[in-house]
Amino acid sequence: MTSSSIDPSSRDESTSVQALRDLVEHFVAQRDWHSFHNPKNLAMSLGIETGELMEHFQWLTLEEAAAVQQDAAKKHDVGEELADCLAYVLAIANTMEIDLSSTLAKKMIRNAEKYPPP
């Protein structure tokens, strides 16, 4: 397996953020999409994908929304949209050269200060 491919049976606990970034970068490079991958376009695309994710829960009650997890087909569809969102997040990080691990860690520290536990 190369850094540009991830075994579809891989799990979160065994896949690095860098491997995911490399997967997205390889996909973009193969299609020569770098000219389209600027922060504005990628942020807009992320917004569109989050809208598609939200559609799966639109108009559902809290109970119905929670039941989506128990429906294999619906859960798969939500996972596909979530993967699209993640791909755009990773593409933005690649384009802007943002280290997601350190940025998230620092942000969670700031969040903990802003929202202390009860």
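# Exercises on a predicted five-helix model

Asp32 is exposed, because its relative accessibility is 59%. The model is predicted, and the exercises below are to be worked with the structure in view.

## Exercise 1. Overall architecture

Determine how many helices and strands the protein has, and describe their order along the sequence.

Solution.

Step 1. Count the elements: the protein has five helices and zero strands.

Step 2. Read them in sequence order, which gives the pattern α-α-α-α-α.

Step 3. Consider the extent of the chain. Along the principal axes, the C-alpha atoms fill a box of roughly 45 × 40 × 30 Å.

Step 4. Consider burial. Of the 118 residues in the protein, 15% are buried.

## Exercise 2. Positive phi angles in the loops

Locate Asp32 and Trp59, and classify the accessibility of Asp32 and of Trp59.

Solution.

Step 1. Place Asp32 in the loop between α1 and α2. Its phi is near 55°, a positive value in a residue other than glycine.

Step 2. Apply the cut-off for exposure, which is over 50% relative accessible area. Asp32, at 59%, therefore counts as exposed.

Step 3. Place Trp59 in the loop between α2 and α3, where α3 spans residues 62–67. Trp59 is not a glycine, yet it has a positive phi of about 70°.

Step 4. Apply the cut-off again: the relative accessible area of Trp59 is 77%, so Trp59 is exposed.

## Exercise 3. The aromatic pair and its neighbouring charge

Identify the aromatic pair found in the whole structure, and state which charged end sits over the ring of Phe27.

Solution.

Step 1. Search the whole structure, which yields one aromatic pair. Its members are Phe27 and Trp33, with 5.5 Å from centre to centre and 75° between the planes.

Step 2. Classify the geometry. Planes over 60 degrees apart count as edge-to-face, and the pair of Phe27 and Trp33 is edge-to-face.

Step 3. Assess the accessibility of both partners. Phe27 has 39% relative accessibility and so counts as partly exposed; Trp33, at 35%, likewise counts as partly exposed.

Step 4. Examine the ring of Phe27. The charged end of Arg31 sits over this ring, 3.6 Å from its centre.

## Exercise 4. The largest nonpolar core

List the residues of the largest nonpolar core and name the element that gives the most to it.

Solution.

Step 1. Recall the general tendency: in soluble globular proteins, nonpolar side chains tend to be buried together.

Step 2. List the members. The largest nonpolar core has six residues: Val24, Val28, Leu42, Leu90, Ala91 and Ile92.

Step 3. Assign them to elements. Two or more residues of this core come from each of α1 and α4, and α4 gives the most, with three residues.

Step 4. Turn to another residue of the helix. Ala93 is also placed in α4, and it counts as buried because its relative accessibility is 2%.

## Exercise 5. The largest pocket

State the volume of the largest pocket and describe the composition of its lining.

Solution.

Step 1. Give the volume, about 1,100 Å³. The lining has 32 residues, and the closest to the pocket centre are Leu20, Ala83, Leu86, Ala87 and Leu90.

Step 2. Identify the contributing helices. At least two lining residues are supplied by each of α1 (17–30), α4 (72–96) and α5 (100–114).

Step 3. Find the main contributor: α4 provides eleven residues, the largest share of the lining.

Step 4. Sort the lining by class, which gives 19 nonpolar, six polar and seven charged residues.

Step 5. Link pocket and core through one residue. Leu90 is among the residues closest to the pocket centre, and Leu90 also belongs to the largest nonpolar core.

## Exercise 6. Separation in sequence and in space

State how far apart the C-alpha atoms are for Met44 and Tyr88, for Ala93 and Trp59, and for Thr103 and Ser5.

Solution.

Step 1. Begin with Met44, in helix α2 (residues 39–55). Met44 counts as partly exposed because its relative accessibility is 49%. Met44 and Tyr88 are 44 residues apart along the chain, and their C-alpha atoms are separated by 9.5 Å.

Step 2. Continue with Ala93 and Trp59, which are 34 residues apart in sequence and 32 Å apart from C-alpha to C-alpha. This pair joins a buried residue, Ala93, with an exposed one, Trp59.

Step 3. Finish with Thr103, in helix α5. Its relative accessibility of 40% is why Thr103 counts as partly exposed. Thr103 and Ser5 lie 98 residues apart in sequence and 25 Å apart in space, C-alpha to C-alpha.

Methods. Residues numbered from 1 in each chain as written. Predicted model: local features only at pLDDT ≥ 70, side-chain atom pairs only at ≥ 80, totals over all residues. Heavy atoms only, no water. Phe/Tyr/Trp six-rings, centres within 6.5 Å; stacked < 30°, edge-to-face > 60°. Buried < 20%, exposed > 50% of the residue type's maximum accessible area, 1.4 Å probe, protein only. Lys NZ or Arg CZ within 6 Å of the ring centre and 35° of its normal. 1 Å grid on protein atoms, 1.4 Å probe; cavity = no way out; pocket = protein on both sides within 12 Å on 5 of 7 lines; lining within 4 Å. Points joined across faces, edges and corners; volume = space filled by probe spheres on them. Helix = DSSP H or I, 4+ residues; strand = E, 2+ residues; numbered from the N terminus. Nonpolar A, V, L, I, M, F, W, Y, C, P; charged D, E, K, R; others polar. Core = buried A, V, L, I, M, F, W, Y, C linked by side-chain atoms within 4.5 Å.
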